[in-house]
Amino acid sequence: MTTTSSVGAERLARRMARGAAFLGTETAILCGAMSWVSERNLVAAISNAGGFGVIACGAMTPELLDAEIAATKALTAKPFGVNLITMHPQLMELIAVCAKHQVGHVVLAGGLPPAGSLDAIRASGAKVICFAPALALAKKLIRSGVDALVIEGMEAGGHIGPVSTSVLAQEMLPEIAEQVPVFVAGGIGRGEAIAGYLDMGAAGVQLGTRFACATESIAHPNFKKAFFRASARDAVASVQIDPRLPVIPVRALKNAGSELFTAKQREVAQSLDEGALAMAEAQLQIEHYWAGALRRAVIDGDVEHGSVMAGQSVGMVKTEEPVAEIIATLMEEAAAALEKRAA
């Protein structure tokens with residue numbers, strides 16, 4: 001390593017120190033929880049490479065999550081986390097499974113944590129990480145005692161909010177970064193962006209799309225090829241057709257599956273009209289739809305009718321690479337960027 005690159009590396013290590021210490025990792029890089037993709041193989045590979053893998057529980061039953069955590073622990077002795085969806089009907093049982101395995105970090109996604117969930121996680125000794133798509137919500141979560149936050153912009157893949165990553169970072173980091181570790185996510189594909197958010201006060205970053213096509217990812221070859229062919233503008237947000245339906249937009253590659261989701265929304269809206277569904281059940285049906293559509297793409301390789309969830313950084317995913325190489329490249333790019341700023 002040259003003297004100049006070591007200066008950049010030292011600056012990067014200092015900026016990542018808080019996030020890395022919080023996660024118990026070498027680098028403050030989390031992998032976003034991608035249903036069907038963020039399973040034992042990818043999660044263990046990311047943790048083994050110095051990052052922080054996160055199991056995507058999604059619609060798993062407690063029994064399935066129990067098996068997935070055990071299988072992940074068999075592949076890595078490094079720290080990893082579990083992402084739980086707050087609307088899951090068995091959330092408390094899933095928290096108990098995490099506690100049984102002494103999972104050190106639980107990530108709650110999909111809205112405000114239900115009553116009792118934070119206490120249950122903390123009682124096991126685990127750290128709680130929550131998503132905060134707005135400053136007011138971030139402050140509320142901090143008051144409730146969460147240990148860290150992820151602020152994710154609309155450039156991300158999967159479920160998204162309405163505001164861009166750069167705007168959220170500018171608005172929120174100066175207000176909350178000193179109170180808890182904050183990880184920035186959404187549209188990050190290169191190390192220069194990581195350096196920029198660290199300079200703004202972030203403790204680390206979260207990336208999903210960049211890892212989806214890693215060598216260790218079990219995603220179908222068709223799914224990976226769709227990523228390699230895509231540009232940023234191909235990753236589009238879903239459209240909500242009925243304002244009553246609690247549909248959070250989802251960013252995925254444009255295909256015939258988008259029309260299938262529109263049809264699903266009409267079906268659920270009709271059930272609401274007929275009184276056959278309560279609003280909570282309607283939202284759960286939508287979530288189950290996405291889980292099934294994503295499985296068709298990731299596992300079965302149906303990239304035309306399934307959901308190929310991807311962030312706008314998909315244009316920077318060009319080839320299949322081992323996780324360790326992806327992380328090393330990101331760190332080198334970040335260090336080089338910090339080196340230039342120090343000059």
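This report looks at a pocket, a helix and two loop residues in a predicted model.

## Ground rules

Residue numbers start from 1 along each chain as its sequence is written. In this predicted model, local features need pLDDT of at least 70, side-chain atom pairs count only at pLDDT 80 or more, totals for chains, interfaces and linings use all residues, and side-chain values use heavy atoms, leaving out hydrogens and water.

## The second largest pocket

Let's begin with empty space: the second largest pocket has a volume of about 300 Å³. Of the 16 residues that line this pocket, Ser35, Trp36, Ala56, Cys57 and Met60 are the closest to its centre. A pocket here is an open set of points on a 1 Å grid over the protein atoms alone, where a 1.4 Å probe fits, with protein on both sides within 12 Å along at least five of seven lines; lining residues have an atom within 4 Å of a point. The volume is the space filled by probe spheres set on the points, which are joined across faces, edges and corners.

## Helix H3

Helices are DSSP runs (H or I, at least four residues) and strands likewise (E, at least two), numbered from the N terminus. H3 covers residues 62-75, and its 14 residues should span 20 Å at 1.5 Å a residue, in agreement with end C-alpha atoms 20 Å apart. The expected span is 1.5 Å times one less than the number of residues.

Pro62, Leu65, Glu68, Ile69, Ala71 and Thr72 of H3 are buried (under 20% relative accessible area, with exposed over 50% and partly exposed in between; 1.4 Å probe, protein chains only).

## Two positive phi values

Trp36, in the loop between strand E1 (29-31) and H2, has phi near 75° and is partly exposed at 35% relative accessible area. Gln102 has phi near 55° and is exposed at 70%.
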